[in-house]
Amino acid sequence: MALIRNVPVAPSLNFVSLRRLTLALAAALIVVSAIAFGAFGLNLGVDFRGGIVIQAQTTPETTLAGMRDSLAELDLGDTNIQRFGEAHTVLIRIQEQAGGEEAQNAAIERVKEHLQPQVTSYERTEFVGPQVGEELKQAGMMATGLALLAMAAYIWFRFEWQFAVAGLAALIHDVVTTIGFFSITQLQFNLGTVAAVLTIAGYSINDTVVVFDRVRETVRRYKRKPMPELLNIAVNSTVTRTVLTSTTTLVALIALAIFGGAVIRSFTWALIWGVLIGTFSSIGVAVPLLLQMRLSPSTLVQEEDETAKQQAKAAGSSS
């Protein structure tokens, strides 16, 4: 507690003076991400590439680590094993093998033969074709796009169009740089990663809305001050909360990255990157863009006055 008491609640930092630097850095990250995606692509998992799915019951003494070591000996490429429902039920995903249907059947037989001491029965064995993987990719992109548009619409409804554009730009920055992060690191990109991207968008927009709300509150309180000074006041009043929240979240995520195992590694690293880049974009992208779009105190005050007049008119007509 003593350490947190020493953290300034509202520092006096001039964030707005760094807006050209932060916007340039954000643009550079987007360009690097686009280049990395074009050069390296994504290391797509079985969900998107198609492959073999096996659901099996294991013996009580069988461990996931032991099964992973056994499958690694077969050299079948990308494999993923995780618990599925009950304690001794596992789901095994193996990438599509070259050679058509015969190659898939041969790989399944090799897996069953190799895991015979560890598996008591097989409940499901199927092949997910590339067409299914393509449909999942399209569904993932649609879900992400609709989520971003819905968040922008919410901000527009709650604030002004400038806030919606700035918030959407920050969200696009977060998603694009996350794709770039996966292109550079070549961590596996699967359906779990899509869930992580949507979680990142939600986390980032939450931070951004907190800052935007403080901007509006500050403008209403200090109507005659210049906009850069008002933005600095708003950011400084929320930056301590933002940093502390992000730090505590990162502590939990780093623990998951270290001890959580291979199954959630991509998901965890996506969230770690997302917390960092989302915190940056809320302050270094969304707020400077408000200034670039000529948002002024008169805009918000005029909107507030019109709302008050409409409320007064409605109250008068009802009485």
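How many residues apart are Glu217 and Arg214 in helix H8? They sit three residues apart, which puts about one helical turn between them. The views below start with the whole chain and come back to this pair along the way. Keep in mind that this is a predicted model.

**View 1. The whole chain combines eleven helices with six strands.** The chain runs to 319 residues, and 43% of them count as buried. Taking the contacts with a separation of 6 or more, 79% link residues that are 24 or more positions apart. The chain exposes about 16,800 Å², with carbon and sulfur atoms supplying 62% of that area.

**View 2. Confidence varies along the chain, with helix H2 at the top and helix H1 at the bottom.** Helix H2 (residues 19-40) has a mean pLDDT of 92, while helix H1 (residues 2-5) has a mean of 51. Averaged over the chain, pLDDT is 79, and 85% of the residues score at least 70. Look with some care at residues 307-312: pLDDT stays under 50 there, and the model gives this stretch zero contacts beyond four places in sequence.

**View 3. Strand S2 is largely enclosed by the rest of the structure.** Why say so? Eight of the eight residues of S2 (residues 51-58) are buried. Strand S4 (residues 86-95) runs antiparallel to S2, joined to it by seven bridges. One spot to find here is Gln57, whose bridge partner in S4 is Thr89. Strand S5 (residues 119-128) also pairs with S2 in the antiparallel sense, over eight bridges. On that side, Ala56 stands opposite Tyr122 of S5.

**View 4. Arg241 and Asp207 form a salt bridge between two helices.** Side chains of opposite charge can pair when their charged atoms come close. For Arg241 and Asp207, the closest N and O atoms are 2.8 Å apart. Arg241 belongs to helix H9 (residues 227-259) and Asp207 to helix H8, so the pair ties together parts that are 34 residues apart in sequence. Is each partner buried or exposed? Arg241 is partly exposed at 32% relative accessible area, whereas Asp207 is buried at 2%.

**View 5. Helix H8 also holds salt bridges within itself, including Arg216 with Asp213.** The N to O distance for Arg216 and Asp213 is 3.2 Å, and the two lie three residues apart, about one turn of the helix. Arg216 counts as buried at 17% relative accessibility, and Asp213 as partly exposed at 27%. Here, too, is the opening pair: Glu217 and Arg214 meet in a salt bridge with an N to O distance of 3.8 Å. Both of its partners are partly exposed, with Glu217 at 34% and Arg214 at 28%. In total, the model has three salt bridges.

**View 6. Ser204 is a buried residue of helix H8 (residues 191-221).** Its relative accessible area is 0%. Setting aside neighbours within four places in sequence, Ser204 touches Leu171, Asp174, Gly278, Ser281 and Ser282.

**View 7. Ile283 sits in helix H10 (residues 265-292).** Ile283 is buried, at 16% relative accessible area. Beyond residues up to four places away in sequence, Ile283 is in contact with Phe15, Val235, Val239 and Pro288. Thr22 is 261 residues away in sequence, yet its C-alpha lies 8.9 Å from that of Ile283.

**View 8. Met142, Leu146 and Leu149 make a nonpolar surface patch.** The patch covers about 330 Å². Leu149, found in helix H6 (residues 130-158), counts as exposed at 52% relative accessibility.

Conventions
Residues numbered from 1 in each chain as written. Predicted model: local features only at pLDDT ≥ 70, side-chain atom pairs only at ≥ 80, totals over all residues. Heavy atoms only, no water. Helix = DSSP H or I, 4+ residues; strand = E, 2+ residues; numbered from the N terminus. Buried < 20%, exposed > 50% of the residue type's maximum accessible area, 1.4 Å probe, protein only. Contact = heavy atoms within 4.5 Å. Areas by Shrake-Rupley, 256 points an atom, 1.4 Å probe, with all protein chains shown as cover. Patch = residues over 30% accessible without salt bridge, like charges linked within 9 Å, V, L, I, M, F, W, Y side chains within 5 Å. Salt bridge = Lys/Arg side-chain N within 4 Å of Asp/Glu carboxyl O. pLDDT = per-residue confidence, 0-100. Pairing = 2+ DSSP bridges.
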